[in-house]
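Biologist: Thanks for sitting down with me over this one. Could you walk me through how its strands and helices fit together?

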Amino acid sequence: MIFNDAAEFRASGFSPRVCIVGSGPAGISVALKLAAARVPCVILEAGADEWTEESQDTYRGEVVGDHYFDLDMTRLRYFGGSSNHWAGWCRVLDGHDFEPKPYVAHTGWPIGRGDIDPFLDETRDVLGLAPFLPDRAVSDDFRWFEMQKSQPVRFREKFAAPLAQSPLIALVLNTQVDELVGDGAAISAAKLRSRGAPAGELGAPFFVVATGGLENSRLLLWSNERSNGGVVPHAAALGRYWMEHPMFEVGTGFIEDADAMAFDHEGDAFFTPTVEAMAAREVLNFHVQIESMPYRGVKKFIADTACLVPETTEWVADALGLRLQCSARLHMAWEQPPREHNRVALSATERDAAGIPRIELHWKKDDLDRRTMLEGIRMFGAAFARRDLGRVRISDWVRDGGDWPEDMEIAGNHHMGGTRMGDDLSTSVVDGNCKVHGMANLYVAGSSIFATSGQCTPTTTITALALRLGDHLGRVATAGPVKA
């Protein structure tokens with residue numbers, strides 16, 4: 001069932017067991033699992049069926065620290081959420097991404113990759129994916145992996161009809177949650193605003209916050225402030241340990257054996273280090289993307305390289321016309337260390353049309369980001385040369401420690417952390433079942449629960465975790481009274 005506002009929904013008499021805030025991939029995935037378990041739920045979507053300037057304005061905010069995207073441009077506020085501009089690149093966090101790194105504080109999850117593996121078949125169905133190809137070792141330090149570039153699933157387009165036809169899922173458009181009402185033990189209601197006006201409260205036995213990797217923190221911070229700590233009673237980590245995937249072009253190279261690269265249909269190949277290689281250099285997880293370039297123009301590239309890396313040019317001269325197949329650009333993306341100071345905060349001066357404080361995002365890369373980038377590309381270049389797969393030239397700004405460029409892609413629009421998963425109440429917000437510490441009936445879904453980010457795009461893991469949460473709630477919500 002789909003309703004255009006809160007008034008239409010109330011008139012229907014529908015009584016949900018679970019109230020889900022947000023209709024992006026996480027929220028819809030939770031709802032699908034609940035419906036399969038015959039648990040009635042409602043999805044509250046603040047935006048309309050399509051993009052509107054008025055709705056999108058709510059996402060404006062300020063960034064303090066490193067150069068970043070405008071916050072109202074990096075996500076979307078309407079049915080389907082940011083899946084409406086998702087590029088479709090898919091990869092699941094590796095098993096080691098869930099494990100602690102002894103040399104990086106606050107790493108490690110309370111669950112392992114095995115806890116989401118049972119939901120990967122369903123995840124592929126939701127996202128329209130084929131089974132992932134197995135990784136392949138290309139050296140002692142690196143392995144090739146498949147970054148699956150799917151036809152992007154727009155959740156609005158794929159699931160509008162199933163949601164409209166479902167007797168167990170009610171989607172309510174144009175209806176935002178201004179705040180959650182809690183007493184430090186449980187949530188009793190959500191205060192609604194529909195079509196720009198207050199629309200009363202909605203109660204339910206269970207609540208799931210699934211508004212995105214920035215807005216989850218914002219809603220909980222504001223609700224907690226309004227309730228004097230009644231929504232997140234253990235709030236030391238709320239909004240903190242926020243992470244992105246920094247992304248930059250870090251060098252160029254020559255490729256001798258294109259077959260060994262296993263380029264995809266767009267001419268890209270992806271490589272990531274082994275756990276042992278990362279630990280030996282005390283760096284974070286990362287990947288190198290080799291973007292093949294046409295052979296034309298390679299002569300200029302050789303000339304530009306000759307005065308800087310003569311030994312590489314000598315190798316190229318030997319290979320040219322024999323085995324050399326193309327030149328390439330090298331891009332790199334990496335996981336950030338979870339740092340307390342990188343955080344989502346509420347603005348002290350700016351508010352949106354509903355009077356709710358806008359986001360103030362504090363984000364700054366640090367020495368470990370820089371080390372991971374430089375040591376990572378050095379390690380890759382050395383492995384590339386040892387295998388005689390090609391040669392790499394590291395960009396001057398990377399090698400010399402120059403300023404972070406502002407004219408590149410800079411990051412992945414991947415918003416992670418802020419309500420991170422963990423067992424330590426001082427450094428996490430939700431437990432291994434995505435339930436807010438100390439609250440009987442409040443859960444969080446989406447990338448804000450990520451304890452660490454790994455090196456890959458988050459949507460596949462978001463969906464798997466949301467399906468796992470839906471499975472858990474499908475059992476808990478039919479088990480009788482709410483229990484802490």
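Biologist: Let's start with strand 18 and strand 19: in which sense do they pair, parallel or antiparallel?

Modeller: Happy to, and please keep in mind that this is a predicted model. Strand 19 covers residues 357-363, and five bridges link it to strand 18. Within that pair, V344 stands opposite L361 of strand 19. The sense of the pairing is antiparallel.

Biologist: Which strands are the edge strands of the open sheet that runs in the order 4-19-18?

Modeller: Three strands make up this open sheet, and their pairing is mixed. An edge strand here pairs on one side only. That describes strand 4 (61-65) and strand 18 (343-351).

Biologist: And which helix packs on that sheet?

Modeller: Neighbouring strands of the sheet are turned by 30° against each other on average, direction ignored. The helix in question touches strand 18 and strand 19, and its direction makes about 65° with that of strand 18. It spans residues 215-226 and is helix 6.

Biologist: Now the open sheet of six strands: which strands stand at its edges, and why is one side of each left without a neighbour?

Modeller: The order of the strands is 1-9-3-2-13-22, with parallel pairing. Each edge strand has a single partner strand, so one side of it has no neighbour in the sheet. The two edge strands are strand 1 (2-3) and strand 22 (442-444).

Biologist: Staying in that sheet, which residue of strand 3 stands opposite V21?

Modeller: Strand 2 (residues 18-21) and strand 3 (residues 41-44) pair in the parallel sense, over four bridges. V21 has its counterpart in strand 3, and that residue is L44.

Biologist: Let's move to strand 7: are its residues F142, R143, W144 and F145 buried or exposed?

Modeller: Strand 7 covers residues 142-145. F142 and W144 point one way from the strand, while R143 and F145 point the other way. Whichever way they point, all of them are buried.

Biologist: How many residues lie between strand 6 and strand 7 in their hairpin?

Modeller: Strand 6 (residues 136-137) pairs with strand 7 in the antiparallel sense over two bridges. In that pair, A137 stands opposite R143. The number of residues between the two strands of the hairpin is four.

Biologist: Which residue of strand 15 stands opposite F142?

Modeller: Strand 7 also pairs with strand 15 (residues 268-273), in the antiparallel sense and over four bridges. Opposite F142, in strand 15, stands P273.

Biologist: Turning to helices, how do helix 2 and helix 5 pack, and which residues meet there?

Modeller: Helix 2 (residues 25-36) and helix 5 (residues 155-165) pack at an angle of about 30°, with their axes 12 Å apart. That angle makes helix 2 roughly parallel to helix 5, and their crossing is left-handed. On the helix 2 side the contact has P25, I28, S29 and L32, and on the helix 5 side F155, F159 and L163. By type, the residues of this contact divide into six nonpolar, one polar and no charged.

Biologist: One last residue: why does A7 count as exposed?

Modeller: A7 is found in helix 1 (residues 6-12). Its C-alpha atom is separated by 7.9 Å from that of A199, which is 192 residues apart from A7 along the chain. The cut-off for exposed is over 50% relative accessible area. A7 counts as exposed because its relative accessibility is 56%.

Note on methods
Residues are numbered from 1 along each chain as its sequence is written. This is a predicted model: local features need pLDDT of at least 70, side-chain atom pairs count only at pLDDT 80 or more; totals for chains, interfaces and linings use all residues. Side-chain values use heavy atoms; hydrogens and water are left out. Two strands pair if DSSP finds at least two bridges between them. Buried means under 20% relative accessible area, exposed over 50%, partly exposed in between (1.4 Å probe, protein chains only). Axes are lines fitted to C-alpha atoms, for helices over the stretch in contact, and angles run from 0 to 180 degrees between N-to-C directions. Angles under 35 degrees count as roughly parallel, over 145 as roughly antiparallel, 65 to 115 as roughly perpendicular and the rest as oblique. A crossing is left-handed if the near helix is turned anticlockwise from the far one by less than a right angle, and right-handed if clockwise. Contact means heavy atoms within 4.5 Å. Ala, Val, Leu, Ile, Met, Phe, Trp, Tyr, Cys and Pro count as nonpolar, Asp, Glu, Lys and Arg as charged, and the others, Gly among them, as polar.
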